[in-house]
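Take a walk through this protein chain, one element at a time. Keep the structure open as you read.

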Amino acid sequence: MVKRATHTVGLDIGTSRISCIIGEPGETGLLEIVGIGEAESRGLRKGVVVNPEAVVDSIIRAVEEAERMSGLEAEAVTINLAGTHIMGLNGQAVVAVSGRDREISADDVRRAIDSACAVQLPAGREIVDRLPQEFIVDDQDGINDPVGMIGARLAVKVHIITSPMTARQNAINAVNRAGFRVDDMVLGQLAAAEAALTEEEKEFGAALVSIGAETTGLIVYQRNAVQHTAVFALGGAHFTNDIAFGLRTPVPEAEKIKRAYGYASSASLPDGARGELIEVPSVGGRPPRQLSRQILCDILQPRAEEVLMHVADEIREAGWERQLSSGVVLTGGGALLGGMVEIAEQVFDAPVRIGYPERDRFGGLVEDIQSPQWVTAAGLCLIAQRAQDREARALAAARRGTTRLTHLVSRFRDRFSGIF
């Protein structure tokens, strides 16, 4: 396979599905999708590794498929941070500007963020990400980047993501055992937001709800910053289990029925589909039965309302219920269930849409990933590419600085060579 240093790999390690995307920087500024791969996920429970060997095998299969398609070799990957053990909290701090001329430096910003994140954590937990919300210079708030501004006091508000050390390390170890290096680990719903939310939604207020197999992630944006995050122990597998129990059919058959005929909103179910009969396999060698789609909908709707009500309650308790001007965006495999948008609009009392990888950020095979299931992997790949771009710019700036210094030293030597 051809090796190129410019490609990036996003690896979404989900409870039911592992998705891999390989991308390269495009000429127009888009991230060109050149390879995609997926595999059934085994060895995870609620986003946490419980069987390392099974997880390693699933990772290898997903990445190898993307490698074959792209002709590139994956070495370093950016993976998602997932699980109900993840917690988010807000912190803030004020520091005095250290420079004599009161010009805020990058060091002042670092000190302010470090102070805001100096929180007491339970034993075994660690801070895995620090997301600045806004800076305040003296009494001027709403500042995104204060470096270079003049002021006596610098305040910062930060959203802090924490996770148990062992859960995070187990995921990294599984990737390493599959033969890949983890460059970064990003909160799953944060990665999804980078791929699916527009800049206007981030600015004016929006909630992204990522419905996975066994967990549902929430992230709230406003003023182009993360304001709140949460993870719930509910997801698409609960819909499947409800069907299996309610229709007395095996879980694999229940999953097939959900994907082919499932609808979460009785009111939105097309009239012609209400009486449509579905063949339901039975257990214990009994003959299959036939039931209407309306009965299936009556099973799914209460669960859909429960999942979304948990999210709505969290948003309300966090104080963001009336501040989501841009509404709610649904992503993840659970968003594929018909009628979820209609139920969500009733629950949130806000506009709701399905989130897809935005076409103004991705090129190449972008049409092949136009599904809410691919949003997190696409976001991880995009975040990795942006980090690579920043590193390249910093390296170029350092080289320019070294070149200028060398040039000045040469001029100094030339000018005073006759003296020494």
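The paragraphs below go from the whole chain to its sheets, cores and a pocket.

This is a predicted model. The chain holds eleven helices and 19 strands. Its C-alpha atoms fill a box of roughly 105 × 55 × 45 Å along the principal axes. Of the 420 residues, 51% count as buried. Contacts often link parts distant in sequence: among those with a separation of 6 or more, 66% join residues 24 or more positions apart.

Start with a sheet of six strands. The sheet is open, and its order is β11-β6-β1-β2-β3-β19, with mixed pairing. Its edges are β11 (181-187) and β19 (362-364); each has a single partner strand, so one side of each is left without a neighbour in the sheet. On average, neighbouring strands here are turned by 35° against each other, direction ignored.

Now look inside that sheet. Strand β1 (residues 8-13) and strand β6 (residues 76-81) run parallel and are joined by two bridges. G10 faces T78 of β6 across this pairing. Two helices can be placed against these strands. Helix α1 (residues 52-70) lies across β1, β2 (17-25) and β3 (31-40), and runs at about 145° to β3. Helix α3 (residues 165-177) also packs on the sheet, where it touches β1, β6 and β11. The direction of α3 makes about 140° with that of β11.

A second sheet comes next. It is open and has four strands, in the order β7-β10-β8-β9, with antiparallel pairing. Here β7 (87-96) and β9 (140-143) stand at the edges. Each has a single partner strand, so one side of each lacks a neighbour in the sheet. Neighbouring strands are again turned by 35° on average, direction ignored. β8 and strand β10 (residues 153-164) pair over eleven bridges in the antiparallel sense. Within this pair, F135 stands opposite V156 in β10.

Helices pack here too. Helix α2 (residues 106-116) touches β7, β8 and β10, and its direction makes about 130° with that of β7. Then α3 returns. It packs on this sheet as well, touching β8 and β10, at about 70° to the direction of β10. So follow α3 from one sheet to the other: it touches β1, β6 and β11 in the six-stranded sheet, and β8 and β10 in the four-stranded one.

What fills the interior? In soluble globular proteins, nonpolar side chains tend to be buried together. The largest nonpolar core of this chain has 62 residues. Those with the most contacts inside it are L11, I21, I59, I79 and V175. Helix α11 (residues 375-416) gives the largest share of this core, seven residues. Another core lies apart from it, with 41 residues, among them V209, I211, W320 and L324.

L11 shows how the elements meet. Beyond its neighbours within four places in sequence, its contacts include I18, I59, V77, I79, V175 and L380. Polar residues are on the list too, including S19, T78 and N80.

Move on to a hairpin. Strand β13 (residues 216-222) and β14 pair in the antiparallel sense over seven bridges. V220 stands opposite H228 in β14. Two residues lie between the strands, and R223 in the turn has a positive phi of about 55°. Strand β14 (residues 225-232) is mostly covered, with eight of its eight residues buried.

Just before the hairpin, check T215. This residue lies in the loop between β12 (206-211) and β13. Is T215 buried or exposed? T215 is buried, because its relative accessible area is 13% and the cut-off for buried is under 20%. Leaving out residues up to four places away in sequence, T215 touches K46, T84, S210, V231, F232, L234 and G235.

End at the second largest pocket. Its volume is about 800 Å³. Of its 20 lining residues, D129, L131, L190, I383 and R390 are the closest to its centre. Which element supplies the largest share of the lining? That is β8, with five residues. At least two residues each come from β8 (125-137), β11, α4 (188-196), α5 (199-204), β14 and α11.

Key. Residues are numbered from 1 along each chain as its sequence is written. This is a predicted model: local features need pLDDT of at least 70, side-chain atom pairs count only at pLDDT 80 or more; totals for chains, interfaces and linings use all residues. Side-chain values use heavy atoms; hydrogens and water are left out. Two strands pair if DSSP finds at least two bridges between them. Axes are lines fitted to C-alpha atoms, for helices over the stretch in contact, and angles run from 0 to 180 degrees between N-to-C directions. Contact means heavy atoms within 4.5 Å. Buried means under 20% relative accessible area, exposed over 50%, partly exposed in between (1.4 Å probe, protein chains only). A nonpolar core is a set of buried Ala, Val, Leu, Ile, Met, Phe, Trp, Tyr and Cys residues joined through side-chain atoms within 4.5 Å. On a 1 Å grid over the protein atoms alone, a cavity is a set of points where a 1.4 Å probe fits but cannot get out, and a pocket is an open set with protein on both sides within 12 Å along at least five of seven lines; lining residues have an atom within 4 Å of a point. Grid points are joined across faces, edges and corners, and a volume is the space filled by probe spheres set on the points.
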